[in-house]
Amino acid sequence: MAQPDTKKIFFENLSGAGKSIAVLTSGGDAQGMNAAVRAVVRMGLYVGAKVYFIHEGYQGMVDGGENIKEATWESVSSMLQVGGTVIGSARCKEFRTHEGRLKAAHNLVQYGITNLCVIGGDGSLTGANLFREEWSGLLLELVGQGLIEDEAVQKYSALHIVGMVGSIDNDFCGTDMTIGTDSALHRIIEVVDAIMTTAQSHQRTFVLEVMGRHCGYLALVSALACGADWVLIPEMPPEDGWEDKMCQKLSANRAGMKRLNIIIVAEGAIDHSNKLITTDYIKDLVVKCLGFDTRVTILGHVQRGGTPSAFDRILASRMGVEAVFALLETTANTPACVVSLCGNQSVRLPLMECVQMTQEVQKAMDEKRFEEAVKLRGRSFENNLKTYKLLAHRKPETELPISNFNVAVLNVGAPAAGMNAAVRSAVRVGISEGHKMFAVSDGFEGLSKGQIREIKWADVGGWTGQGGSLLGTKRTLPAKHIDKIAEQMRKNNINALLIIGGFEAFESLLQLYEARATHEELCIPMCMLPATISNNVPGTDLSIGADTALNAIVETCDRIKQSASGTKRRVFIIETMGGYCGYLASVGGLAAGADAAYIYEEPFDIRDLQANVEHLTEKMKTSIQRGLVLRNENSNENYTTDFIYQLYSEEGKGVFDCRKNVLGHMQQGGAPSPFDRNFGTKISAKAMQWITKKLVETFRQGRVFANTEDTCCLLGMRRRALVFQPVVQLKGDTDFVHRIPKEQWWLKLRPLMKILAKYKTSYDVSDSGQLEHVIRNRPKESDASVAM
């Protein structure tokens, strides 16, 4: 386990005493806004500041009165799982006028508010920055009109602004993901998955319109996540004659025994003449040219609704806390900033730099500089587009490079949602690179028995949305079958290996590397992709499958808590999977609003349990009606789920009663989340490109020979970038007894969960976002960031 760092900086040095912070949501609503509001309120109160709600966005600020209310700890209870924004949002024409901003300034001064946290899109944030720039002049006008005293100008001399981007379109430059985007993708994919079953029954073509008047992110990523046949987005209008090409593609797919076609259209999709491409136009085109039974579905505001995903709750909570820190640290000379996500790290960027770049994208599109518009959207968007083109459009055999390399792909360890998307991506990218792809059934056990077959482009059609492992997977390690495995590698002339799996896959790769000394057949490029719900693989912050499991935990916790509504006070004890890794319990606890989460990495004793019970008892007496406690399955061999349940039941008598639930394998099942589909697809494509590069580098005298450390790697997400790391170098970072990394980034989120549950604790802000510039080049590998 990681040793405490004596250099850590704690936020106790950042006091909010005497400060007033107001939070508002403006513009269109987005799922996760409530989680951001909750985090701002609770962290603000925690550091000693007064916190206010401004209801109905800028309209409430202009109108004042009942629209500005002081927030309490309890006023944000039970809002984490609610979609939209409970404090209301409205578009306000009056705030765009000088008179409207003068009224708003007067209302804020009456409450002593000089710190604003604005959650909205680029229009809302631009308005906030203008308000900040005019602030001192507005106060002087108010003095001139006799509405405020001279002392108020000195006392409230500067207005500080921090923004968080809440927008389902993900159309704001400077952040990999905006609050609400992941949840909107969940809504879209739920609909697409449902439509696919009926479309398959009737051999239909479906044309789906998704939101995105000026940004095609939702359309592009949902097309990538469901393997759509065609996608139309405003940033990349199709070339002239696209209608014929699309019909040819649909026809070829049907001829290849595919029973359905999916076409996804962004509502702002245009052709090269800037003419809108409508769903009805596409439907009529398909019917006229191909005679296919075609239906149109317009998703509309379904995409804005529903409960926020686990990703959005965690993102919004992290951003909300970061926003409070930014306000506490700001000075009169600090520019208004926006809290952003880069890879897996929070960053602060000057608000107007982000807004200006966002406006540049639209200007480039208006001037038909579409390639530039795609680049301005950021590396993540650009990479999504490249990956979609690579996987959706198969080149004719005559155009494929001829490599004469055979690449095998296999799954190892427990199944994880998203594995199939990774296999599909590997197969199709491999074929595009000119390789012959082989699928191994049942992991290394299957490989030792010769369960290996060639796999073609069409064989992996429709795999993206399938849960589990269609190849079959086993936990068997290769060491005891190494001779037979080497024999099969030689027999099938396998030149490279892609392993997709969890901790067993990591151990397997180490064993294969060590066996190179005695088996020349294993001197080939080998790469591993982390895929496990436990997220316990060293060398990566995230694993394929963990997001799906988190969503299963959070959805179940929401239902369990709701089951107690209207009854007496109740505490639920929930057991999660994860082996010795507490990722699911900790991050699931943060996303579900848990009061405590017990994990192996943070040892606890009977005194800690007693303190937790007393803390929860106190809260139950004064405010909350339902409590939630998560326990990782291997957190402690003596303090079992039953023991904790009995302890809470006994000590809570007369105040609350208890129920327990063991979530079990439901965390491993189900269709993969949009995040896992896209994460698996993108890192698998990157891994195959790395394999191709290594094959070329190590091909000498008519054969592949690779025996260096850098030809046996794990591809993992590290903070802001995807990094290929030799597995041998990761041995020292690994606790092999408990099958976890020695250092785990998410442990820094645990104090955040405790603070939001009203515990007094220390929070390390040494990793907190520092003000950067949006124009600064991102790391080369960050194009495949954690953000889809």
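Helix axes here are lines fitted to C-alpha atoms over the stretch in contact, and the angle between them runs from 0 to 180 degrees between N-to-C directions. The model is predicted.

**Exercise 1. How are α7 and α22 oriented to each other?**

Solution.
- Start with the geometry. Helix α7 (residues 217-226) packs on helix α22 (residues 674-698) at about 80 degrees. Their axes are 9 Å apart.
- Apply the cut-off. Angles of 65 to 115 degrees count as roughly perpendicular. Therefore α7 and α22 are roughly perpendicular to each other.
- Find the contact residues. From α7 come Val221, Leu224, Ala225 and Cys226. From α22 come Arg677, Asn678 and Thr681.
- Sort them by class. The contact of α7 with α22 has 4 nonpolar, 2 polar and 1 charged residues.

**Exercise 2. Describe how α11 packs on α12, then place Lys368.**

Solution.
- Take the angle. Helix α11 (residues 351-366) and helix α12 (residues 370-377) pack at about 160 degrees, with axes 8 Å apart.
- Apply the cut-off. Angles over 145 degrees count as roughly antiparallel. So α11 and α12 are roughly antiparallel to each other.
- Add the handedness. The crossing of α11 past α12 is left-handed.
- List the contact. α11 supplies Met357, Glu360, Val361, Ala364 and Met365. α12 supplies Phe370, Ala373, Leu376 and Arg377.
- Sort it. This contact of α11 with α12 has 7 nonpolar, no polar and 2 charged residues.
- Turn to the loop. Lys368 sits between α11 and α12. Its phi is positive, about 60 degrees, although Lys368 is not a glycine. Most residues other than glycine have a negative phi.
- Check accessibility. Lys368 has 46% relative accessibility, so it counts as partly exposed.

**Exercise 3. Which other lysine has a positive phi, and where is its place?**

Solution.
- Read phi. Lys758 has a positive value, near 80 degrees.
- Locate it. Lys758 lies in the segment after α24 (750-756).
- Check accessibility. With a relative accessible area of 35%, Lys758 is partly exposed.

**Exercise 4. Is Leu185 buried or exposed?**

Solution.
- Place the residue. Leu185 is in helix α6 (residues 181-202).
- Apply the cut-off. Buried means under 20% relative accessible area. Leu185 has 0%, so it counts as buried.
- Compare sequence with space. Leu185 and Ser673 are 488 residues apart in sequence. Their C-alpha atoms are 8.9 Å apart.

**Exercise 5. Which residues touch the most other members of the largest nonpolar core?**

Solution.
- Name them. They are Met164, Leu497 and Leu498, in a core of 185 residues.
- Find the main contributor. Helix α10 (residues 310-329) gives the largest share of this core, 13 residues.
- Look beyond it. Another core, of 41 residues, lies apart, and includes Leu102, Leu139, Leu142 and Phe172.

Notes. Residues numbered from 1 in each chain as written. Predicted model: local features only at pLDDT ≥ 70, side-chain atom pairs only at ≥ 80, totals over all residues. Heavy atoms only, no water. Core = buried A, V, L, I, M, F, W, Y, C linked by side-chain atoms within 4.5 Å. Buried < 20%, exposed > 50% of the residue type's maximum accessible area, 1.4 Å probe, protein only. Helix = DSSP H or I, 4+ residues; strand = E, 2+ residues; numbered from the N terminus. Parallel < 35°, antiparallel > 145°, perpendicular 65-115°, else oblique. Left-handed = near helix turned anticlockwise from the far one by under 90°. Contact = heavy atoms within 4.5 Å. Nonpolar A, V, L, I, M, F, W, Y, C, P; charged D, E, K, R; others polar.
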